[in-house]
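Q: I would like to learn how to read a protein model feature by feature, with the general idea set out before the particular case. Could we go through one together?

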Amino acid sequence: MTKIKIVKRVNFRNNWRAGYIERCKSGSEGGIQRPTLRTKQGVGCLPYFDQAKEKGWHVKPGEKGTHVEFYKFDEKPKVDEFGDPVLDEDGKQEVEKSVLVRNYVVFHASQIEGIPAYEPPARNPIEMSEKAERILQESGAEIRHGGNEAFYNRTNDYIQVPERGQFNSQADYYATCLHELGHWTGHPSRLNRETSSDMNSETYAKEELVAEITSMFVSAETGIPQTQEHFDNHAAYVDYWVKAVKEDPNALFRAVSQAQKASEEILKYERVREREQAQSQSTPEGQPPEQKPAMTEQTIRDMKLIEGDTKVFLKPRVDGQQYKGKILHVDESQGYCVQQVGRQSLVVHKLEKMTEVPPLGEAVKISYGTGDEKAKISIQEERHQGLRL
């Protein structure tokens, strides 16, 4: 079969690396720190000065540290002096945004005396592929295979990539899918980023950067490497971004912030799984496990509501998430309904979480609120006109 080369995207080979950055203390790094922790000495353990001193290590004479910045963006509902919600002209509660900024000076392992030799964590290729495949499936995105192009169709909300066998490697396949999945997160029903169909516009170039950094973040999470071939195929917007960052250094941080949100949107089910695993490990012996839902994935699949290899999600995200699609099944006695959100993806919603029972057979939008607010049901609107990226 003929191998293909996808000529598009942004080349960050010299500045970004889909590897892992490890601090010398537990805890994961926020999105803004990930790229800034890349130093000229390479990738490795990066302790603070006091941290190295606590461990009995010593910074070599004459060595200079690398300045890094930590940004944390937060949003919370706005209230007045009496604690009542502050509403905008449309009757919606306003949101207060805040930014936490911290500065650190860190040293690469090669600049430290007495530090143990750095040993990167072992990566199991099978486990990496399984995790990458699971992330793609659990996203709920419709991924179509065929042709010689890779793009996200915003109008019809699907991803198109060539057949797996046309890629030079499995890593190239996953890197490309993750890039397009980055675009997918910007749909109005998800993170609603500004986009443009004009390939020569700044907006288009910015979206390409966000998608590529998103791919890098998620690749780092799975351990799937981003190959040289993948970077070589992403060289269209370098000149623009070199110019943009020189004129406004914060442009890069904004792109990384958006990519962090996009990567968390993609990894939300992984995060739930990680929390559940941590909770199960901390459950005292003899305590009964958490009761499982009455409906199982297999039960839903056995209904054969759609053809093919059905993906079923029993726990939809309920913190402001929206789901669009046709209601295929409603069971008021069991208290649930099934919605088709992708070509082969189903979501099971609890009726007790909704303001009303959604109409069977209708294409609806289910919009979850925050806190105890119940999900609202509305007939699905026309899809927004989109672009190919």
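Q: How many residues are in the hairpin that joins β10 to β11?
A: Before the answer, please keep in mind that this is a predicted model. The hairpin leading from β10 into β11 uses 2 residues. Strand β10 covers residues 336–342, and its pairing with β11 is antiparallel over 6 bridges. Two of the facing pairs can be named: G342 stands opposite S345, and Q339 has V347 as its bridge partner in β11.

Q: In which sense do β8 and β11 pair?
A: Strand β8, residues 311–313, pairs with β11 in the parallel sense, and 3 bridges hold this pairing. Within it, V312 of β8 has L346 as its bridge partner in β11.

Q: In what order do the strands of the 6-stranded open sheet lie?
A: Reading across the sheet, the order is β8-β11-β10-β9-β12-β13, and the pairing is mixed. The strands at the edges are β8 and β13 (376–379), each of which pairs on one side only. From one strand to the next, the twist averages 40°.

Q: How many residues of β11 are buried?
A: A useful general idea is that the side chains of a regular strand alternate between the two faces of the sheet. As for β11, residues 345–350, the strand is mostly covered, with 5 of its 6 residues buried.

Q: Where is L314, and is this residue buried, partly exposed or exposed?
A: L314 lies in the loop between β8 and β9 (322–331). Its relative accessibility is 23%, and because buried means under 20% and exposed over 50%, L314 counts as partly exposed. Although L314 and V347 are 33 residues apart along the chain, their C-alpha atoms are separated by 6.2 Å.

Q: What is the strand order in the open sheet of 3 strands, and which of its strands stand at the edges?
A: The order is β5-β7-β6, again an open sheet with mixed pairing. The edges are taken by β5 (143–145) and β6 (151–153), and each has a single partner strand, so one side of each is left without a neighbour in the sheet. The twist here averages 30° from one strand to the next. Strands β5 and β7, the latter being residues 158–161, run parallel and are joined by 3 bridges, and R144 stands opposite Q160 in β7.

Q: Which helix packs on this sheet?
A: Helix α4, residues 170–184, packs on the sheet and touches β5, β6 and β7, while its direction makes about 155° with that of β7.

Q: How should I check the length of a helix such as α8, and which of its residues are buried?
A: The idea is to compare an expected span with the one in the model: at 1.5 Å a residue, the 17 residues of α8 (residues 250–266) should span 24 Å, and the end C-alpha atoms are 24 Å apart, which agrees. For burial, it helps to recall that an α-helix has 3.6 residues a turn, so residues three or four places apart point the same way. The buried residues of α8 are A251, A255, V256, S257, A259, Q260, A262, S263, E265 and I266.

Q: Where is E208, and what does its side chain contact?
A: E208 sits in helix α5, residues 202–222, and is buried, with a relative accessible area of 1%. The side chains of E208 and H179 are joined by a polar contact of 3.4 Å. The C-alpha atoms of E208 and H183 are separated by 7.9 Å, although these two residues are 25 apart along the chain.

Q: Is H108 buried or exposed, and which side chain does it contact?
A: H108 is found in the loop between β3 (95–106) and β4 (112–113). With a relative accessibility of 8%, H108 counts as buried, and a polar contact of 2.9 Å joins its side chain to that of S110.

Q: How many disulfides are there?
A: A disulfide is a covalent bond between the sulfur atoms of two cysteines. The count in this model comes to 0 disulfides, taking a pair of cysteine sulfur atoms within 2.5 Å as the criterion. As for cysteine burial, C177 is buried with a relative accessible area of 0%, and C337, at 0% relative accessibility, also counts as buried.

Note on methods. Residues numbered from 1 in each chain as written. Predicted model: local features only at pLDDT ≥ 70, side-chain atom pairs only at ≥ 80, totals over all residues. Heavy atoms only, no water. Pairing = 2+ DSSP bridges. Helix = DSSP H or I, 4+ residues; strand = E, 2+ residues; numbered from the N terminus. Axes fitted to C-alpha atoms, helices over the stretch in contact; angles between N-to-C directions. Contact = heavy atoms within 4.5 Å. Expected span 1.5 Å × (residues − 1). Buried < 20%, exposed > 50% of the residue type's maximum accessible area, 1.4 Å probe, protein only. Polar contact = N/O pair within 3.5 Å; in protein donor to acceptor, adjacent residues only side chain to side chain.
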